[in-house]
Amino acid sequence: MALLEIKDLALGYDGQVIVDHLDFCVNAGDYLCIVGENGSGKTTLMRTILGLQDPLSGTIVKDDSLTKSGIGWLPQQTTVQKDFPASVREVVLSGCLGHSGLRPFYSRRDKETAAQSMQRMGIDSLASRSYRDLSGGQQQRVLLARALCAAQSILLLDEPVTGLDPKAAAEMYELIEQLNRDGMTVIMITHDTKGAVRYATHVLHIGSTVFYGTRDAYLGGGAGSAYLQENEGGKG
C-alpha cells in the first residue's frame with residue numbers, strides 16, 4: 001500500500017529550482033534512505049513532505065491515514081536543543097501534543113504511549129533525568145522515543161546519527177531497523193551512506209544525477225558505487 005506518492009516534484013526557494021522531476025513512492029513497511037550532496041535538496045524535500053513548505057511544482061499524494069499529526073519527525077538537533085532543561089519524560093511526552101487536540105493536559109493514554117516509547121528505546125530508567133545531562137546517543141534515543149509518540153505509521157528522520165560516536169551510531173541504526181521490522185515505515189536523510197544503506201529497502205539519491213530504486217540496484221549501479229567511493233568512510 002502506497003503511503004506517499006511524489007509526482008514530478010520541483011523544490012527550491014524564491015522560484016530558484018534546487019531539484020526537479022522527482023518521482024518516487026513510499027509503501028507501508030519501506031525503509032527509504034535519502035542521500036546526496038550538500039545543498040541537493042534533501043532537507044527541503046523532507047520539509048515539503050511534512051507540509052512545512054510548498055513545492056515549486058508537482059504533487060504529493062498522501063494516504064488518507066497519513067495525517068500531519070500522525071507523522072513522527074526527528075529533525076537535526078541544534079546546540080540550543082541539546083541544552084533543553086526538561087526531564088526525559090517531559091521531552092518524550094511532548095511528542096503526544098500533535099494528537100492531544102485542545103486538551104490542556106496529557107491523558108492516561110498519552111502517558112502510557114510515552115512509557116512504551118521509552119521502554120522500546122531502552123531509556124525508561126532515564127525518565128527522571130534531565131535531558132541536558134545526557135550523552136549524545138542518549139539524547140537521540142529520547143528524541144526518537146518522542147517521534148514514536150507521534151508516529152502512527154511513518155517516521156521521518158533527518159541525520160539521526162550525526163555527531164554520534166561509532167558505537168552510539170550503530171546502536172541507533174539497530175533501533176531504527178527494529179522499528180522497521182516491527183512495521184514502522186522509515187524515511188531517513190543521511191550523509192552516512194555506507195552505514196545507513198545496509199538497512200534500507202530503497203534509496204533516493206539526489207544530486208547531479210537522481211536515482212530511486214531498491215538498495216541492491218543502487219549499490220550495483222553507477223550512482224551508488226561512485227558516490228560511495230567519493231565518500232569513503234561515510235563522510236558526506
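The following legends describe close-up views of a predicted model.

**View 1. Strand β6 and its surroundings.**
Strand β6 covers residues 154–158, and 5 of its 5 residues are buried, so the strand is largely enclosed by the rest of the structure. Burial applies to both faces of β6. I154, L156 and D158 lie on one side, while L155 and L157 lie on the other. The acidic residue D158 is thus listed among the buried positions of this strand.

**View 2. The pairing of β6 with strands β5 and β7.**
Strand β5, formed by residues 71–74, pairs with β6 in the parallel sense, and 4 bridges connect the two. Within this pairing, I71 is found opposite I154 of β6. Strand β7, formed by residues 185–189, also runs parallel to β6 and is joined to it by 5 bridges. Here I154 stands opposite T185 of β7. Residue I154 therefore has a facing residue in β5 and another in β7, and its own side of β6 is covered, because 5 of the 5 residues of the strand are buried.

**View 3. The β-α-β unit built on β6.**
Strand β6, helix α6 and strand β7 together make a β-α-β unit, and this unit is right-handed. Helix α6 comprises residues 166–181. The two strands of the unit, β6 and β7, are parallel partners.

**View 4. The salt bridge between R132 and D83.**
The model contains 6 salt bridges in total. In one of them, the side chains of R132 and D83 meet at 3.1 Å, N to O. The two residues are 49 residues apart and link distant parts of the chain: R132 belongs to the loop between α4 and α5, and D83 to the loop between α2 and α3. R132 is partly exposed, with a relative accessible area of 38%. D83 is likewise partly exposed, at 41% relative accessibility.

**View 5. The salt bridge between E171 and R141.**
The side chains of E171 and R141 form a salt bridge of 3.5 Å, N to O. This contact joins helix α6, which carries E171, to helix α5, which carries R141, across a separation of 30 residues. E171 is partly exposed, its relative accessible area being 27%.

**View 6. The salt bridge between R215 and D216, and a network elsewhere.**
R215 and D216 meet through their side chains in a salt bridge of 3.8 Å, N to O. R215 is partly exposed, at 25% relative accessibility, whereas D216 is exposed, with a relative accessible area of 57%. In addition, R141, K167 and E171 are joined into one network by salt bridges that share partners.

Definitions and conventions:
Residues are numbered from 1 along each chain as its sequence is written. This is a predicted model: local features need pLDDT of at least 70, side-chain atom pairs count only at pLDDT 80 or more; totals for chains, interfaces and linings use all residues. Side-chain values use heavy atoms; hydrogens and water are left out. Buried means under 20% relative accessible area, exposed over 50%, partly exposed in between (1.4 Å probe, protein chains only). Two strands pair if DSSP finds at least two bridges between them. A crossover is right-handed if, with the strands pointing away from the viewer, the path from the first strand over the helix to the second runs clockwise. A salt bridge is a side-chain nitrogen of Lys or Arg within 4 Å of a carboxyl oxygen of Asp or Glu.
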